[in-house]
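Me: Please take a close look at a single strand of this model and at what surrounds it. I would like the cut-offs behind each term stated as you go.

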Amino acid sequence: MVSAIGIATLSSAAEATSASSTLEINIYGLRSTKGNVLVCVTANPRFFPDCGKDPKSFKTSVSARDAANVSFTGITKGTYAVALVHDENANNKMDMAIFLPKEGFGFSRNPAIVAGPPKFKAAAFAVDAAAVSQRVKMKYML
């Protein structure tokens, strides 16, 4: 379930135990307030950066106007990576021009982008406390 202010929670209260954490994502560098910011958090390297098919991932779409801070609760301790897309035309996907993204993107730990998206390891961080935060800068190629 996702609230209007971009807070995602697990559907089952039984899953959100005292061992779970809150992940705060501070997003900066958006070039406009058009569209949405798609946020995906995964612990599975096979599903990074597009964790849409990961059944255990945390996902939400937040209006770009309200995307400065996004929170997820009920995250169990472990290693995760965050991938963001500034979906300016609100079509729920990353639009490409030949091989370059037309829309903005960002990753936890803000790894350098050389050729293609970073590997999971470059964006991975530990969730090992009651509250963990990541500050993610949006990047634009075009």
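Reply: What follows starts with strand β3 and then moves outward to the pocket, the loops and the surface.

This is a predicted model, in which local features need pLDDT of at least 70 and side-chain atom pairs count only at pLDDT 80 or more, while totals for chains, interfaces and linings use all residues. Residues are numbered from 1 along each chain as its sequence is written, and side-chain values use heavy atoms, with hydrogens and water left out.

The secondary structure comes to one helix and eleven strands, where helices (H or I, at least four residues) and strands (E, at least two) are DSSP runs numbered from the N terminus. Along the sequence the pattern reads β-β-β-β-β-β-β-β-β-α-β-β. Of the 142 residues, 41% count as buried; buried means under 20% relative accessible area, exposed over 50%, and partly exposed in between, with a 1.4 Å probe and protein chains only.

Strand β3 covers residues 36-42, and seven of its seven residues are buried. In a regular strand the side chains alternate between the two faces of the sheet. Here N36, L38, C40 and T42 point one way from β3, whereas V37, V39 and V41 point the other way, and all are buried.

The strand has β4 and β6 as pairing partners, two strands being paired if DSSP finds at least two bridges between them. With β4 (residues 58-63), β3 runs antiparallel and is joined by six bridges; with β6 (residues 78-87), the pairing is again antiparallel, over seven bridges. V39 shows both contacts, since this residue stands opposite T60 in β4 and opposite L84 in β6.

These strands also take part in the largest pocket, which holds about 630 Å³ of space. Of the 27 residues that line this pocket, the closest to its centre are P49, L84, V85, M94 and F105, and the elements that give two or more residues to the lining are β3, β4, β6, β8 (100-101) and β9 (104-107). The search uses a 1 Å grid over the protein atoms alone: a pocket is an open set of points where a 1.4 Å probe fits, with protein on both sides within 12 Å along at least five of seven lines, and lining residues have an atom within 4 Å of a point. Grid points are joined across faces, edges and corners, and the volume is the space filled by probe spheres set on the points.

P49, one of the residues closest to the pocket centre, lies in the loop between β3 and β4. A cis peptide bond joins F48 and P49, with omega about 10 degrees. Most residues other than glycine have a negative phi, and most peptide bonds are trans. On the phi side, I98, in the loop between β7 (96-97) and β8, has a positive phi of about 60 degrees although it is not a glycine, and I98 counts as exposed at 77% relative accessibility. R109, in the loop between β9 and α1 (120-123), likewise has a positive phi, near 65 degrees, and counts as partly exposed at 47% relative accessibility.

The loop between β2 (20-28) and β3 includes K34, which is exposed, with a relative accessible area of 57%. The C-alpha atoms of K34 and R65 are separated by 7.4 Å, although the two residues are 31 apart along the chain. A search of the whole structure finds one salt bridge, defined as a side-chain nitrogen of Lys or Arg within 4 Å of a carboxyl oxygen of Asp or Glu. R31 forms this bridge with E88, the closest N and O atoms being 2.8 Å apart. R31 lies in the loop between β2 and β3 and E88 in the loop between β6 and β7, so the pair ties together parts that are 57 residues apart in sequence. R31 counts as partly exposed at 42% relative accessibility, whereas E88 counts as buried at 19%.

Finally, on the surface, L100, M141 and L142 make a nonpolar patch of about 260 Å², with L142 in the segment after β11 (131-137). Patches are made of residues with over 30% relative accessible area and no salt bridge, nonpolar side chains (Val, Leu, Ile, Met, Phe, Trp, Tyr) being joined within 5 Å and like charges within 9 Å; accessible areas come from the Shrake-Rupley method with a 1.4 Å probe, and for residues only the protein chains shown count as cover.
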